[in-house]
Amino acid sequence: MTAPTSEDRPLVMGILNVTPDSFSDGGEWFEPERALERGHRLIAEGADVVDVGGESTRPGAVPVPVDEELDRVVPVVEALAPHVRVSVDTTKEAVAEAAVDAGATLINDVSASLWAVAARRRVGWVAMHRRGTAATMQHDPSYADVVAEVTALLVERAGTARDAGVGEVWIDPGIGFGKTVDHNLELLGALDRLVGTGWPVMVGTSRKSFLGVVAPDPGGRPRPVDQRLAASLATATWAMDQGVGMVRVHDVAATVQAAVLVGRPGGARA
Ligand code: HH2
């Protein structure tokens, strides 16, 4: 299974949320002009892929009707695709199809269910693990063995996708999607097992709430979302050092620096 990897470093996917309600930057890039500005900024900072999403996946997020999601996503994909590789962050087949028509070449699928679209359209596919939906996923998630269960599901889906003809498959443990703080830490601690499956691995920890809990402020309070850069960078660096091929982040410039260091010949991974 081949996936594009930079010769010298892991890939950095920059997040572009064209939503009014994403957990860390909801509303900031919602206007089309602002979204494009943001997209070009991510490119200038060195993003290898820009991930365009029109529906927040945060716990409790309100579902977005398909027409609304298309209106948010398609013009932005179309405008950015000539300049950078674009992925579409969606769970809807119609949105994935339209985004591919508009130039996206990777479907970032938090439901791990759209492999048939990727096969038909000859584009890449990210299979992310989640438990339940945005409405239910943080209702007391439990696993007998989170690492084994997540790995088994992802390997099964990746194999199905490959058998269906998808040539580029990524697997992603879905940090924060139906997982407690401890589950997230266990999964991060066992990234080598995911990498060991042989499938290219992608991870997204950027600004997620568990970071604020694990690395609180000096008074012991969970850090708010605008104070999670250091922890985001630390976890992205850890993931890349474990052999993860792509990290999904808000703070591209800083993460590219980390990726260069980790991936540098003679660097941490050599
Ligand atoms: N995390 C989010 C969204 N999409 N896709 C993958 N493959 N992996 C992730 O960890 C992942 C993802 C959540 O982050 P964000 O897009 O910043 O927030 P929201 O879903 O609220 O828009």
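**Exercise 1. Which N or O atom contact in the side chain of Lys-208 does an oxygen atom of the ligand have, and at what distance in Å?**

Before we start, note that this is a predicted model, in which local features need pLDDT of at least 70, side-chain atom pairs count only at pLDDT 80 or more, and totals for chains, interfaces and linings use all residues. Residues are numbered from 1 along each chain as its sequence is written, and side-chain values use heavy atoms, with hydrogens and water left out.

Step 1. Go to Lys-208: an N or O atom of its side chain is 2.7 Å from an oxygen atom of the ligand. Such a polar contact is a pair of N or O atoms within 3.5 Å.

Step 2. Add Asp-172, where a side-chain N or O atom is 2.7 Å from a nitrogen atom of the ligand.

Step 3. Finish with Thr-57, which places a polar side-chain atom 2.4 Å from an oxygen atom of the ligand.

Step 4. Now check the cover: on its own the ligand has 480 Å² of accessible area (Shrake-Rupley method, 1.4 Å probe), and the protein covers 98% of this.

**Exercise 2. Describe the shell around the ligand.**

Step 1. Count the neighbours: 18 residues surround the ligand (a heavy atom within 4 Å). Ser-22 and Ser-56 are among the closest.

Step 2. Sort them by class: six are nonpolar, seven polar and five charged. Gly counts as polar here.

**Exercise 3. Place the ligand in its pocket.**

Step 1. The ligand sits in the largest pocket (more than half of its atoms lie within 2 Å of the grid points). A pocket is an open set of points on a 1 Å grid over the protein atoms alone, with protein on both sides within 12 Å along at least five of seven lines.

Step 2. This largest pocket holds about 540 Å³ of space.

Step 3. Its lining has 33 residues (an atom within 4 Å of a point). Phe-23, Ile-175 and Phe-177 are among those nearest the centre of the largest pocket.

Step 4. Elements that each supply at least two lining residues are β1 (11-17), α6 (181-189) and α8 (209-214).

Step 5. By class, the lining of the largest pocket has 11 nonpolar, 15 polar and seven charged residues.

Key
Polar contact = N/O pair within 3.5 Å; in protein donor to acceptor, adjacent residues only side chain to side chain. 1 Å grid on protein atoms, 1.4 Å probe; cavity = no way out; pocket = protein on both sides within 12 Å on 5 of 7 lines; lining within 4 Å. Points joined across faces, edges and corners; volume = space filled by probe spheres on them. Helix = DSSP H or I, 4+ residues; strand = E, 2+ residues; numbered from the N terminus.
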